Amino acid sequence: MLRPAVVIVPGSWHRPQHYQRLIDEFAKANYQAVGVTMPSVDSSPPSTSWIPDAEAVRKVILSYLDAGRDVITIAHSFSGIPMSEAVKGLGKSAREKQGLQSGVLHLMYMCAMALPEGQNHIGQVKPQTPEEEELERQRQEYLAEHGGMRFTEGGDGAMILDGNAIREVFYNRCDPADVDEAVGLLGSYPVGPLSVPVTYTAYCEIPSTYIVCENDRALPSLVQERMIAQSEGALKVERCQEGHSPFLSDPRFIVDCVRRAAGENV
């Protein structure tokens with residue numbers, strides 16, 4: 001039986017190359033996986049919305065669906081938003097009602113934004129409890145001490161991360177050699193998409209799993225848990241002790257999560 005293709009949706013600043021270890025781990029389990037090149041990364045002028053990213057993701061998904069292949073998508077970080085928008089109308093059950101055999105079987109949110117219609121990234125990550133406010137204060141102090149963030153020249157609003165500052169925020173629990181490579185691959189990312197509301201609650205129509213990363217320093221587990229709670233049971237949950245980049249620190253765990261979503265007993 002032909003396994004579903006896996007479409008990986010890179011997070012902000014990230015490229016498909018960041019996920020090569022994960023792609024290789026999928027290959028060991030006989031799954032074909034591919035990363036999507038996100039137009040917003042290094043966009044000039046900077047993208048004002050996540051819409052071009054969603055269109056790029058949808059194009060890759062449709063290339064498999066049109067060939068009769070089912071798909072599982074997995075999004076990292078902010079790109080839970082363009083992934084969710086990209087699959088509108090492409091769920092397996094929705095397409096079967098149209099007489100089409102292939103469809104999107106499952107959505108995987110890997111420490112990613114899983115938002116209901118009308119919300120945006122900035123609103124969701126804004127601290128809502130004293131504990132979250134303290135975590136944000138600590139994060140801002142760390143970034144200020146280690147270099148923080150700067151913007152591309154000309155005031156066009158694209159964010160560039162300082163390599164030293166981001167190591168322990170994005171890549172804690174990862175091998176230092178992997179971190180060096182990952183930091184070198186990071187691009188710029190525009191501010192605009194962060195405030196654009198989502199138009200579709202994907203996890204209400206397509207089976208979905210949220211992968212909670214308990215030691216995430218970029219998207220705290222408290223925020224992840226809040227998104228799970230607001231799904232009102234629509235999101236299945238997998239948990240790990242990794243940071244914001246489990247695709248680097250424990251790619252086999254991520255593969256096993258996807259295999260379980262595909263119906264395997266692993």
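## Burial and the model

A residue counts as buried when its relative accessible area is under 20%, and as exposed when that area is over 50%. The structure described here is a predicted model.

## Surroundings of His-18

His-18 has a relative accessibility of 4%, and therefore counts as buried. Along the chain, His-18 belongs to the loop that runs between strand 1 (5–9) and helix 1 (20–28).

The side chain of His-18 has a polar atom 2.9 Å from the backbone nitrogen of Arg-15. When neighbours within four places in sequence are set aside, the residues in contact with His-18 are Trp-13, Tyr-171, Ala-182, Leu-185, Leu-186, Phe-247 and Leu-248.

## Overall architecture

Eleven helices and nine strands make up the secondary structure elements of the protein chain. The radius of gyration is 18 Å, close to the 18 Å given by the globule rule for 266 residues, so the protein chain is as compact as a globular protein of that length. Along the principal axes, the C-alpha atoms occupy a box of roughly 55 × 35 × 35 Å.

Among contacts in the protein chain with a separation of 6 or more, 76% involve residues 24 or more positions apart.

## Surface and charge

Burial extends to 53% of the 266 residues of the protein chain. The area exposed by the protein chain is about 11,800 Å², of which carbon and sulfur atoms supply 49%.

The protein chain carries 24 positive and 35 negative charges, and the mean positions of these two sets are 6 Å apart.

Definitions and conventions:
Residues are numbered from 1 along each chain as its sequence is written. This is a predicted model: local features need pLDDT of at least 70, side-chain atom pairs count only at pLDDT 80 or more; totals for chains, interfaces and linings use all residues. Side-chain values use heavy atoms; hydrogens and water are left out. Helices (H or I, at least four residues) and strands (E, at least two) are DSSP runs, numbered from the N terminus. The radius of gyration is taken over C-alpha atoms; the globule rule is 2.2 Å times the number of residues to the power 0.38. Buried means under 20% relative accessible area, exposed over 50%, partly exposed in between (1.4 Å probe, protein chains only). Contact means heavy atoms within 4.5 Å. Accessible areas come from the Shrake-Rupley method with a 1.4 Å probe; for residues, only the protein chains shown count as cover. Lys and Arg count as positive and Asp and Glu as negative; His and the chain ends are not counted. The place of a charge is taken as NZ of Lys, CZ of Arg, CG of Asp or CD of Glu. A polar contact is a pair of N or O atoms within 3.5 Å; within protein, one must be able to donate a hydrogen and the other to accept it, and residues adjacent in sequence count only if both atoms are side-chain atoms.
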